[in-house]
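Colleague: I'm new to reading models like this one, and I'd love a slow tour of a single part. Could you take one helix, look at it closely, and then follow its neighbours outward for me?

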Amino acid sequence: MKVKIYDVENQVDINAKIVEAKDFKGNLPSITDNWRFSFNKLSIGKNTRTYVLVAEHSDEVIEGCLIFKMLEGKEPYMAYIEIAPHNKGNEKQYDKIAGCLIAFASRLSFIHGKEYYTGYLTFHVSEESEEDQIKLMALYSKKYYAIRFAETDLMIIKPEDGEKLIEFYLNK
C-alpha cells in the first residue's frame, strides 16, 4: 500500500509503501540493530502478519515495522509496532511512520475482523516504568484516538476513529 511520510529535514511529504514482510527482500529489524524488538522472532505464529514501511527511494531501509494478529481468528490485534531508531527523537529523519502503520492496522481490522470485532483494533502498551507507560498511553490517546480499557494496559481504537486514521494517514 502506498503512503506518504514526512521528510523532516526537507519538510516535504515523500512516497513510501507498506509491504508484507514476506515480500521484503532484506532482514527484519532486530535488537542487535538497535531496535527494541526482534521482529523476525516475533513474526512466527498462527494468524500473524508482519509488515514493513519503507520509503520508495530507499526500499531496502525499514522505517517502521508492524506485527498484526487475529486473536482467536476474529479479533484484530496490533501485537508490535516500532519505528526505526533513526526516526526517533529530535534528529529523526522521517515522521508519520507510526501513524501510517496504526492506520494500516486499523484498515486490516475492517478487512479481517469478524462479527463484533470488525473495525476494532486492540493493543497492549507495555513500558518498563509506569511513568513511561502513562506517557505512551497518553500519546496513543491524543494522536491516534486510542481509549484505555478500564485501568489495564489494553487500548482500543474504535471503528469510527480507525476510519479517521485511515482517512488522514492512508487516503491523502
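Modeller: Let's go with helix α4, which runs over residues 159-170 in this predicted model. The twelve residues of α4 reach 15 Å from the first C-alpha to the last, close to the 16 Å expected at 1.5 Å a residue.

Now check which parts of α4 are hidden. The buried residues are Pro159, Asp161, Gly162, Leu165, Ile166, Tyr169 and Leu170. Looking down the axis of α4, you'd find these buried residues within an arc of 155°, so they line one face of the helix. There's a handy rule behind this kind of pattern: an α-helix has 3.6 residues a turn, so residues three or four places apart point the same way.

What does the buried set of α4 pack against? The partners are β1 (2-7), α2, α3 and β9 (154-157).

Let's step across to one of those partners, α3. Helix α3 has 15 residues and spans 20 Å from first C-alpha to last, again close to its expected value, here 21 Å at 1.5 Å a residue. Its buried residues are Gln133, Met137, Tyr140 and Tyr144. These cover an arc of only 80° around the axis, which puts them on the same side of α3. Turn to the face pointing away from that buried side and you meet the exposed residues Glu131, Lys135 and Lys142. The contact works from this end too: the buried residues of α3 pack against α4, as well as β5, α2, β7, β8 (147-148) and β9.

Pause on Gln133 for a moment, which sits in α3. Is Gln133 buried or exposed? Its relative accessible area is 15%, and the cut-off for buried is under 20%, so Gln133 counts as buried. If you skip its neighbours within four places in sequence, Gln133 is in contact with Val125, Ser126, Glu127 and Asp153. Just past the end of α3, Tyr145 takes a positive phi of about 65°.

From α3 we can also walk into the largest pocket, which holds about 760 Å³ of space. Of the 30 residues lining this pocket, the closest to its centre are Ile81, Glu82, Ile83, Leu136 and Tyr140. You've already met Tyr140, one of the buried residues of α3. Elements giving two or more residues to the lining are β5 (75-83), β6 (94-95), α2 (97-112), β7 (121-124) and α3 (130-144). Which element gives the most to the lining? That's β5, with seven residues. By type, the lining divides into 17 nonpolar, five polar and eight charged residues.

Follow β5 back and you reach the loop between β4 (62-71) and β5, where Glu72 has its place. Phi of Glu72 is near 50°, a positive value in a residue other than glycine. At 77% relative accessibility, Glu72 counts as exposed. Something similar turns up in the loop between β1 and β2 (12-20), where Gln11 lies. Gln11 isn't a glycine, yet its phi is positive, at about 55°. Gln11 is exposed, with a relative accessible area of 57%.

For a last stop, try Tyr51 in strand β3 (residues 48-55). With a relative accessible area of 5%, Tyr51 is buried. Setting aside neighbours within four places in sequence, its contacts include Ile18, Val19, Cys65, Phe68, Phe104 and Leu108.

Key. Residues numbered from 1 in each chain as written. Predicted model: local features only at pLDDT ≥ 70, side-chain atom pairs only at ≥ 80, totals over all residues. Heavy atoms only, no water. 1 Å grid on protein atoms, 1.4 Å probe; cavity = no way out; pocket = protein on both sides within 12 Å on 5 of 7 lines; lining within 4 Å. Points joined across faces, edges and corners; volume = space filled by probe spheres on them. Helix = DSSP H or I, 4+ residues; strand = E, 2+ residues; numbered from the N terminus. Nonpolar A, V, L, I, M, F, W, Y, C, P; charged D, E, K, R; others polar. Expected span 1.5 Å × (residues − 1). Buried < 20%, exposed > 50% of the residue type's maximum accessible area, 1.4 Å probe, protein only. Arc of directions from axis to C-beta. Contact = heavy atoms within 4.5 Å.
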